[in-house]
Amino acid sequence: MIRKFISRVFSGKNNRAGRNEPVVIPVSGHGITRDRISSGSRRTCETLQAEGFKAYVVGGAVRDLLIGAEPKDFDVATDATPEEVKRAFRRSRIIGRRFQIVHVMMGQEQIEVTTFRGELGEDTKKDEHGRVLHDNVFGSQAEDAARRDFTANALYYDPTTETVLDYHHGVGDLKAKTLRMIGEPRARYREDPVRMLRAVRLAAKLGLAIDPAAKKPIREMAGLLENVPAARLFDEMLKLLTSGHAVKCITQLRDEGLHHGLLPLLDVILEQPMGERFVMAALANTDERIRRGKGSSPGFLFATLLWHEVLAHWEKLMAAGETKIPALYQAMDTVLDVQAEKLAITRRIAGDIKEIWALQPRFEQRTGKRPYALLEHPRFRAGYDFLLLRGEAGEIDSEIGAWWTAFQHADGERRANMLLPEAAGDKKKRRRKRKKPAAEPEA
């Protein structure tokens, strides 16, 4: 009732839509003026419209502007085919297999342009669980709106007329603080199980309650994530962790039982009081950085999530007689191999993760020239931030982090005075130089 009432208020009496027609909301009803749209997306829409096509800013950007948030990017939807879009823009390229899209470059801005998607037919290629495998079917704008996941994402903004086209009462749902699925939730989750993760992320990010009809099937259908390619899960997990609401997302993932298909080690880690403190401190730190407009490193994030499982393996190996550093490297490989079965962590990010972990024993070395060499390491800052989190969680003595904080900011003489004395066992035995035999006296 609330949703219908709000839709009537915002759309006006004369703008009632038919079954396949949208509610057309003027700027006076939604408040989004064209100057709030990025210049690149605005020019993209204008160019396509000048060519005789329909073109709208769509989805997340419209949703975010309606709730007063700053959009991360501006996507465009059109009735032009990918080839027609490419012909309209010199700096553009077609990408994608499952569904082709076009990346249009406008100055430094990259605009993602998609063609309206059509209804799924009986011949649509799916796996045995119902997940759509091939989706290169184009259709009308109404069909495109019906194919989108949530009502809040099925909103189209025309920068020329400054109107919002709302096919599924998305504006009303946003005002009612509800995240509602378009269509029958179970069928939509089978088509694309990643929608379950998206529901959790958007609800946490936007402060919305998941509609009961969409929330109820999630726990029982969580196993469908097992059939999603690891690369797609990694991309979605990265969005979740860098949403600025990672703590809330991770908590809700566990509540819904979805983490089993993403982070198989998370249960083990969070069952340990020390592990839970460390992970939550790391995620809270990341959320704060993102809210302040600072960047976040995927390698750092996954290093924090998996660290306590590395610790557990490391300790076992050392207890079995393996030496310290080889044991650490063996533990790192084991944990990353297990995780790779669920998330396709890229080789570059896996390298970043291992470097951060490998630096941790080096922070214990505060004698001789080793601290100076560590300061020059390209990953010093990430390793140092990781060390501070370990101290904050109570895993190590916070005095170590305080020492490194002071050491890196001290001048040369002060640094030299801060170095700890070497223990007898740490001193390297110097090789004695063999004396050259004395030259025999000449006869």
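Two strands pair if DSSP finds at least two bridges between them. Keep that rule in mind for the first stop on this tour of a predicted model.

**Stop 1: the sheet**

Select strand β3, residues 75-78, together with strand β6, residues 109-115. Three bridges join β3 to β6, and the two strands run parallel. Within this pair, T78 stands opposite T115 of β6.

Now add the other strands. The sheet is open and has eight strands, in the order β1-β8-β7-β2-β3-β6-β5-β4, with mixed pairing. Look at β1 (23-25) and β4 (92-95): each has a single partner strand, so one side of each lacks a neighbour in the sheet. From one strand to the next, the twist averages 30 degrees.

Next, select helix α3, residues 39-50, which packs on the sheet. Helix α3 touches β2 (55-58), β3, β5 (101-106), β6 and β7 (155-158). The direction of α3 makes about 40 degrees with that of β6.

**Stop 2: two helix pairs**

Two packed helices are described by the angle between their axes and the distance between the axes.

Select helix α10 (residues 212-221) and helix α12 (residues 246-256). Their axes are 9 Å apart, and the packing angle is about 70 degrees. Angles of 65 to 115 degrees count as roughly perpendicular, so α10 is roughly perpendicular to α12. Show the side chains of K215, I218 and R219 in α10, which meet R254, D255 and E256 in α12. By class, this contact has one nonpolar, no polar and five charged residues.

Then select helix α11 (residues 230-241) with α15. Here the angle is about 90 degrees and the axes are 11 Å apart, which means that α11 is roughly perpendicular to α15. Which residues meet where α11 and α15 pack? From α11 they are F234, M237, L238 and L241, and from α15 they are P298, L301, F302 and L305. The contact of α11 with α15 has eight nonpolar residues, no polar ones and no charged ones.

**Stop 3: the nonpolar cores**

Keep L241 and F302 selected, and add L258 and W357. Of the 95 residues in the largest nonpolar core, these four touch the most other members. Helix α15 (residues 298-319) supplies the largest share of this core, 10 residues.

Centre the view on W357. Leaving out residues up to four places away in sequence, W357 touches F302, A303, L306, W307, V310, L328, M332, L336 and F386.

Finish at a second, separate core of 14 residues. Select F363, L387, W403 and F407, which are among its members.

Notes: Residues are numbered from 1 along each chain as its sequence is written. This is a predicted model: local features need pLDDT of at least 70, side-chain atom pairs count only at pLDDT 80 or more; totals for chains, interfaces and linings use all residues. Side-chain values use heavy atoms; hydrogens and water are left out. A nonpolar core is a set of buried Ala, Val, Leu, Ile, Met, Phe, Trp, Tyr and Cys residues joined through side-chain atoms within 4.5 Å. Buried means under 20% relative accessible area, exposed over 50%, partly exposed in between (1.4 Å probe, protein chains only). Helices (H or I, at least four residues) and strands (E, at least two) are DSSP runs, numbered from the N terminus. Contact means heavy atoms within 4.5 Å. Axes are lines fitted to C-alpha atoms, for helices over the stretch in contact, and angles run from 0 to 180 degrees between N-to-C directions. Angles under 35 degrees count as roughly parallel, over 145 as roughly antiparallel, 65 to 115 as roughly perpendicular and the rest as oblique. Ala, Val, Leu, Ile, Met, Phe, Trp, Tyr, Cys and Pro count as nonpolar, Asp, Glu, Lys and Arg as charged, and the others, Gly among them, as polar.
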